[in-house]
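Reader: Before I take any labels on trust, could you walk me through the model and tell me how each one was reached?

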Amino acid sequence: MSAVKTYNSLSEVKSDLLNGTLTLPELVGHYLDRIAEERHLNAFLEVFGDEAEAQAKTVQEKIMHGKAGKLAGMVIGIKDIICYKDHRITVGSRILENYTSIYSSTVVERILAEDAIIIGRLNCDEFAMGGSNENSYYGHVKNYADNTKVPGGSSGGSAVAVQAGLCLASLGTDTGGSVRQPAAFCGVVGLKPTYGRVSRYGVVAYASSLDQVGPITRSVEDAALILEVIAGADEYDSTASSKPVPAYSRGLASGGKKKLAYLVEALSSGGIDPEVKTMTEQAIQQLKEEGHTVEPVSFPYLEYVVPTYYILTMAEASSNLARYDGVHYGYRSPNATDLESTYKKSRSEGFGNEVKRRIMLGTFILSAGYYDAYYAKAQKVRKLIRQKTEEILNTYDFILMPTTPTPAFGIGEKIDDPVTMYLADIFTVQASLAGIPAISVPAGNNSSGLPLGLQFMGRRFGEGELLAFSEHFLELTKQKVIHH
Ligand code: GLN
């Protein structure tokens, strides 16, 4: 074990860097040791050891000269779906096994410009399709709290790396819960920004009308700081909003009494684990005792959110993934003999089962005879879900929900039953369909020591209020320091 302590936020790191009890090369050395000690978790697909060590020296110099950026001292891992120039990227798939990014994503450019140190790329479900990280071609990831449990997905490696202290923070992506659900399963903080708050340029597409990059951290403070760096307009992504980016990290103290809604249908839904329900009821009680208003509201569309989400995402995925054809780039089958067999064999051999299932269903959903019955209908239902959610948020500041209906489940437990796996997304996909920001914060452990997560959803572009309230909640419930 190295002598460096476990840090929970960049401000803790910075204060030790400035008082001279820590140097950045020591910190990076510590994380590299931790990664080696915990190899069996399979969180990292590749470690950029030499580069991180070199960067640590450069940034240390900058700190000494008072010239360092906002993220100096932040050692960060990136989900293997985010392009980083001249580095490999696989998206958890065989089809991109030997692919190297030829440019960097906007989010990577922005964190590097503020002196973050990127320590490696993190395991994930293939093309971000999954909720357990069991769909990675490079093997499953283990939850650090209990190695027999999944870490959640699709950003499973990103959550475990932060949970196990292999880096301070990570970037994940969230289409229907992939940042929030693994954060909940691993007892860390995960934020999905408003759709359009963060550029998607250089992030491999799964379902473009929902995909967003978000931070996974050990503190709300770090989530705020990372968002502040990665958010904002981007000439390479027309869906990235040009709304000014507030200094989220400096607005965490603002508070006051808030009005929260919780969905009656969520707490009475059959699939909810009793301890998750109790945790949520206790949180409601604590918030009420603090003087906040917390009231039940009805959201009659809860049973439609999962089917709507899967119809739309499969349709978008089938279109986005058409580009992996064995011709342009990526895996090409050595058994192909002509153009058609190149397409067929490369895609059959290159994609895993879950990805193929979604491409086929998505193609069916978009086919001439069924488009109106499925795709057009799901678009209409999405609109109703968004309108009803916005209506609730006109009256209430936040919607409170458990992040997941159950704590982390066993590795292998749901993998043969896609429908059960999809239904586990019931509490996260609403915010995705509505395009609103949502955060998962640690809310204690269940009786077997598995982390539980509580979710707050806010108004479009209301990340500032959402983060400040989350910070307040963690102080109230004394979950501020993450112990594992
Ligand atoms: N579990 C969901 C899915 O499989 C969410 C994935 C994600 O957010 N990338 O689609």
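Author: Let us begin with helix 5, whose buried residues are G156, G157, S158, A159, V160, A161, V162 and Q163. Please keep in mind throughout that this is a predicted model.

Reader: What makes helix 5 mostly covered?

Author: Buried means under 20% relative accessible area, and eight of the eight residues of helix 5 are buried, so the helix is described as mostly covered. Those buried residues pack against strand 1, strand 2, strand 3, strand 4, helix 6 (180–186) and strand 6. Just after helix 5, G165 takes a positive phi of about 70 degrees.

Reader: Where does S154 lie, and is S154 buried or exposed?

Author: S154 lies in the loop between strand 3 (117–122) and helix 5 (156–163). Its relative accessibility is 0%, and the limit for buried is under 20%, so S154 counts as buried. Leaving aside neighbours within four places in sequence, S154 is in contact with K79, N123, C124, D125, A128, M129, G130, N133, T173 and S178.

Reader: Which residues carry the feature "active site" in UniProt?

Author: The UniProt record, an unreviewed entry, places that feature at K79, S154 and S178, and such annotations may be inferred rather than shown by experiment.

Reader: What makes these residues a cluster in space?

Author: They are spread over 100 residues of sequence, yet the largest C-alpha distance is 10.8 Å. From this set, S178 is included in the lining of the largest cavity.

Reader: How do you know that C124 is in no disulfide?

Author: A disulfide requires a pair of cysteine sulfur atoms within 2.5 Å, and a search of the whole structure finds zero of them. For C124, the nearest cysteine sulfur is that of C83, 12 Å away, so C124 does not meet the cut-off. C167 is likewise in no disulfide, its nearest cysteine sulfur, that of C186, being 12 Å away.

Reader: Why are C124 and C167 called buried?

Author: Because the label needs a relative accessible area under 20%, C124 with 0% qualifies, and C167 with 1% qualifies too.

Reader: Why is V264 called partly exposed?

Author: V264, which lies in helix 8 (residues 264–267), has a relative accessible area of 38%, and because buried means under 20% and exposed over 50%, this value falls in between. Leaving aside neighbours within four places in sequence, V264 is in contact with P296, V297 and S298. The C-alpha atoms of V264 and P402, 138 residues apart along the chain, are separated by 12 Å.

Reader: What is the order of the strands in the open sheet, and what makes strand 1 and strand 8 its edge strands?

Author: The sheet has 11 strands in the order 1-3-2-4-6-5-10-11-9-7-8, with mixed pairing. Strand 1 (44–47) and strand 8 (293–297) each pair on one side only, and they are the edge strands. From one strand to the next, the twist averages 30 degrees.

Reader: How do you know that strand 10 and strand 11 pair?

Author: Two strands pair if DSSP finds at least two bridges between them, and strand 10 (residues 438–445) and strand 11 (residues 451–457) have six, in the antiparallel sense, so they satisfy the criterion. The bridge partner of I439 in strand 11 is F456.

Reader: Which strands does helix 16 touch as it packs on the sheet?

Author: Helix 16 (residues 463–476) touches strand 5, strand 7 (259–263), strand 9 (398–402), strand 10 and strand 11, and its direction makes about 5 degrees with that of strand 10.

How values were computed: Residues are numbered from 1 along each chain as its sequence is written. This is a predicted model: local features need pLDDT of at least 70, side-chain atom pairs count only at pLDDT 80 or more; totals for chains, interfaces and linings use all residues. Side-chain values use heavy atoms; hydrogens and water are left out. Buried means under 20% relative accessible area, exposed over 50%, partly exposed in between (1.4 Å probe, protein chains only). Helices (H or I, at least four residues) and strands (E, at least two) are DSSP runs, numbered from the N terminus. Axes are lines fitted to C-alpha atoms, for helices over the stretch in contact, and angles run from 0 to 180 degrees between N-to-C directions. Contact means heavy atoms within 4.5 Å. On a 1 Å grid over the protein atoms alone, a cavity is a set of points where a 1.4 Å probe fits but cannot get out, and a pocket is an open set with protein on both sides within 12 Å along at least five of seven lines; lining residues have an atom within 4 Å of a point.
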